[in-house]
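These are my notebook entries on a structure that I had not examined before. I set down each item as I looked it up.

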Amino acid sequence: MKTTRPRSHRLRGFTTILLFLLPALVLFFGLVVAPILLAFYASVFKWNGMRGLPTDFVGLANFTRLLADEVFLGDLWRGVLLIILSLVVQLPLSLGIAMLLNQRIHGRAFFRLLFFAPYMLSEAITAVLFMMILSPTDGLANVVLGWFGVDPLDWFADPSSVMMSVFIVMTWKYFGFHMILYIAGRQGIPRELTEAAQIDGATGWKVFRYVTLPLLGPTIRISVFLSVIGAIQLFDLVWIITGGGPSHSSETMAVTMFQFGFKRFQVGYASAISVVMFFISLVFALFYQRYVMRRDLQGASTVLREQR
Amino acid sequence: MSTSRHKQSPTSGGPLRSLSLHTIVVITALFVAVPLVYAVLGGFKTTRQLSSNPIGLPDPWMPENYGGILASGPFWRMLWNSTYIAVLTTLVVVAVSALAAFVFARFAFRGREALFTMFAAGLMFPFAVAILPLFVLLRMFGLLDNPLGVILPQAAFGMPMTIIILRGFFRAIPGEIEEAAILDGCTPFGFFWRILLPMARPAIATVSVLAVVNSWNQFMLPLVVFSDDGLFTIPLGVQQFQGQYATDVARVMAYIVVAMLPALGFYAVAERQLVSGLTAGAVKG
């Protein structure tokens with residue numbers, strides 16, 4: 001076919017491809033690739049971000065400063081903490097609720113709708129809502145704790161409880177999203193498989209443990225992936241609720257970057273933080289796709305081929 | 001035990017067990033619903049009433065907070081700003097991505113997979129990584145305090161997901177249809193415009209709904225692009241209102257409840273597209 005096709009035809013094919021791709025390429029290179037390259041460039045300068053390009057070259061000084069900065073190292077630790085909490089608390093909760101809602105429970109359509117609703121609200125609305133609910137003075141949470149004889153907590157105002165409070169808000173907002181993923185994944189498991197296990201005498205828990213859970217593997221891996229990427233980039237909630245405080249105890253990488261970039265005008269240093277965030281996301285994504293999701297991706301491509 | 005085991009169906013269980021499962025669901029439902037109900041009721045109280053009577057029904061009901069917000073110009077202007085930014089973002093991202101996805105799905109050329117992988121990789125890098133240099137670039141182009149400064153970057157960052165979903169859908173449309181169209185004298189664009197897009201309507205609806213929701217909830221980008229509060233979108237307005245009336249808690253509650261309504265209304269209308277988009281995106285991404 002290629003050999004018989006006249007030259008003008010192929011040329012027309014090429015211009016068609018180019019014309020169709022051009023808007024996407026312009027937008028993507030101009031507003032996604034170029035900013036990331038600019039961040040790399042700016043990260044080796046001392047620069048206050050004023051007009052023009054930076055001139056005060058400092059090599060890797062921003063990065064060495066970063067690695068010695070307690071706030072930044074704390075950001076990394078808090079990121080790890082949020083990831084662990086998400087994996088140990090939030091995802092099992094989402095999975096458990098998804099499995100329950102998969103059963104014939106009264107009003108399950110309503111519950112599904114309700115649990116997913118917080119995901120629809122903006123982080124800004126969620127943040128302001130919980131600033132009032134977890135208010136140390138007369139917030140709802142302390143009133144409820146009072147019924148059980150628990151002393152009022154300081155929530156976001158206390159360095160020792162602020163991360164836990166942020167995590168509560170994250171769980172409220174995001175567990176419904178993961179639940180929806182698990183429900184979709186569960187519906188993709190053929191009923192014959194669980195029924196076969198029951199006929200063989202497996203009880204509810206064993207069916208879940210040895211049939212459902214392994215078959216949910218791809219969904220769980222995607223859900224873990226999205227949780228980790230989300231935790232690495234967490235900004236809106238923290239910025240609105242605490243601004244990173246009290247005394248940096250809830251700061252995340254994105255918040256630190258924003259502080260230096262937009263409030264203190266140390267744009268070179270803030271760019272170095274962006275670059276580190278870029279590399280952490282990239283390394284994690286490559287590692288994860290290479291070693292954890294490889295089998296899933298192969299499976300996905302065979303499914304696609306069957307569909308065609 | 002062993003005799004009852006095989007009779008037990010996994011979906012029903014004993015009445016006791018199903019009761020305890022139900023309890024877990026109900027407790028979770030309270031965890032989700034109580035903050036929302038608290039805000040709705042709180043909006044009908046005065047702040048003094050709220051601190052003396054945090055849980056109960058408002059007594060008396062005070063519609064003034066809600067009325068004041070709905071009667072105020074700034075709220076409606078922000079609603080309008082959010083709306084047209086979401087609509088334009090969606091138009092740009094869907095149009096541009098559909099063209100690109102068409103090429104990725106329907107043309108064979110060297111470097112296609114590499115190019116596609118590059119777009120798909122964009123999925124991992126949302127605004128937090130690029131916001132600072134993006135700000136510098138937008139300033140260079142004179143797009144600060146300009147809605148385009150939010151619309152275009154949102155569209156650019158929305159492309160990876162949109163292209164991935166649309167490409168999968170375009171690929172599933174049989175090649176015979178394309179051949180027939182070409183034989184009848186259709187140009188590639190004619191095929192794309194008159195046959196492929198109408199056939200892909202469900203997928204277009206899905207990616208459009210995702211784009212609207214992402215744009216509607218976007219906070220970081222408008223935060224750095226807009227300094228003129230006449231351009232503010234709803235998330236910025238919520239933060240600003242909270243800053244202004246921090247001590248008037250009941251009023252802030254009324255404000256966020258009103259600010260929630262458009263998103264929840266949209267959710268009620270477009271739930272199916274939204275869920276299918278999120279799960280498709282997650283499974284294929």
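**Entry 1: two helices of chain A**

I began with a pair of helices and noted that H12(A) passes H13(A) in a left-handed crossing. The model I am reading is a predicted one. I then looked up the bounds and the geometry: helix H12 of chain A covers residues 253–263, helix H13 of chain A covers residues 267–292, and the two pack at an angle of about 160° with their axes 8 Å apart. An angle over 145 degrees counts as roughly antiparallel, and H12(A) and H13(A) are therefore roughly antiparallel to each other.

Which residues of H12(A) and H13(A) meet? On the H12(A) side I listed A:Met253, A:Thr256, A:Met257, A:Phe260 and A:Gly261. Their partners in H13(A) are A:Val267, A:Tyr269, A:Ala270, A:Ile273, A:Ser274 and A:Met277. By class, I recorded 8 nonpolar and 3 polar residues in this contact, and no charged ones.

**Entry 2: a second helix pair**

I next turned to helix H3 (residues 70–102) and helix H7 (residues 162–187) of chain A, whose axes come within 7 Å and cross at roughly 45°. H3(A) and H7(A) are therefore oblique to each other. The handedness of the crossing of H3(A) and H7(A) is right-handed. I found 18 nonpolar, 5 polar and 2 charged residues in the contact of H3(A) with H7(A).

**Entry 3: backbone points**

I looked for unusual backbone geometry, bearing in mind that most residues other than glycine have a negative phi and most peptide bonds are trans. A:His248, which is not a glycine, has a positive phi of about 65°. I located A:His248 in the loop between helix H11 (236–241) and H12 of chain A. In chain B, I noted a cis peptide bond from B:Asp59 to B:Pro60, with omega near -5°. B:Pro60 sits in the loop between helix H3 (47–52) and helix H4 (64–70) of chain B.

**Entry 4: annotated spans of chain A**

I consulted the unreviewed UniProt entry, which annotates "transmembrane region" at residues 20–44, 76–101, 113–134, 162–184, 222–241 and 267–288 of chain A. I checked two of these spans against the model. Residues 76–101 of chain A are 100% helix and 0% strand, with end C-alpha atoms 36 Å apart. Residues 162–184 of chain A are also 100% helix and 0% strand, and their end C-alpha atoms lie 33 Å apart.

UniProt (unreviewed entry) further gives "domain: ABC transmembrane type-1" at residues 76–288 of chain A. I read this span as 76% helix and 0% strand, with its end C-alpha atoms 19 Å apart.

I also looked up the domain division of chain A: domain 1 covers 1–41 and domain 2 covers 43–307. Taken over C-alpha atoms, the centres of domain 1 and domain 2 of chain A are separated by 35 Å.

**Entry 5: annotated spans of chain B**

For chain B, the unreviewed UniProt entry places "transmembrane region" at residues 21–41, 84–104, 116–138, 150–170, 191–213 and 250–270. I again examined two spans. Residues 150–170 of chain B are 100% helix and 0% strand, and the end C-alpha atoms are 29 Å apart. Residues 191–213 of chain B are 96% helix and 0% strand, with end C-alpha atoms 30 Å apart.

The UniProt annotation "domain: ABC transmembrane type-1" (unreviewed entry) covers residues 79–270 of chain B. I found that span to be 80% helix and 0% strand, and its end C-alpha atoms lie 19 Å apart.

**Entry 6: where the chains meet**

How many residues of chain A are in contact with chain B? I recorded 75 residues of chain A, in contact with 76 residues of chain B. On the side of chain A that touches chain B, helix H1 (residues 7–42) of chain A supplies the largest share, 16 residues. I closed with the classes on that side of chain A: 55 nonpolar, 15 polar and 5 charged residues.

Conventions. Residues are numbered from 1 along each chain as its sequence is written. Chains are lettered from A and ligands numbered from 1 in the order in which they are written. This is a predicted model: local features need pLDDT of at least 70, side-chain atom pairs count only at pLDDT 80 or more; totals for chains, interfaces and linings use all residues. UniProt positions are given in the numbering used here, feature names are shortened, and annotations may be inferred rather than shown by experiment. Helices (H or I, at least four residues) and strands (E, at least two) are DSSP runs, numbered from the N terminus. Two residues are in contact if their C-beta atoms, placed from the backbone, lie within 7 Å. Ala, Val, Leu, Ile, Met, Phe, Trp, Tyr, Cys and Pro count as nonpolar, Asp, Glu, Lys and Arg as charged, and the others, Gly among them, as polar. Domain bounds come from an automatic or database domain assignment. Axes are lines fitted to C-alpha atoms, for helices over the stretch in contact, and angles run from 0 to 180 degrees between N-to-C directions. Angles under 35 degrees count as roughly parallel, over 145 as roughly antiparallel, 65 to 115 as roughly perpendicular and the rest as oblique. A crossing is left-handed if the near helix is turned anticlockwise from the far one by less than a right angle, and right-handed if clockwise.
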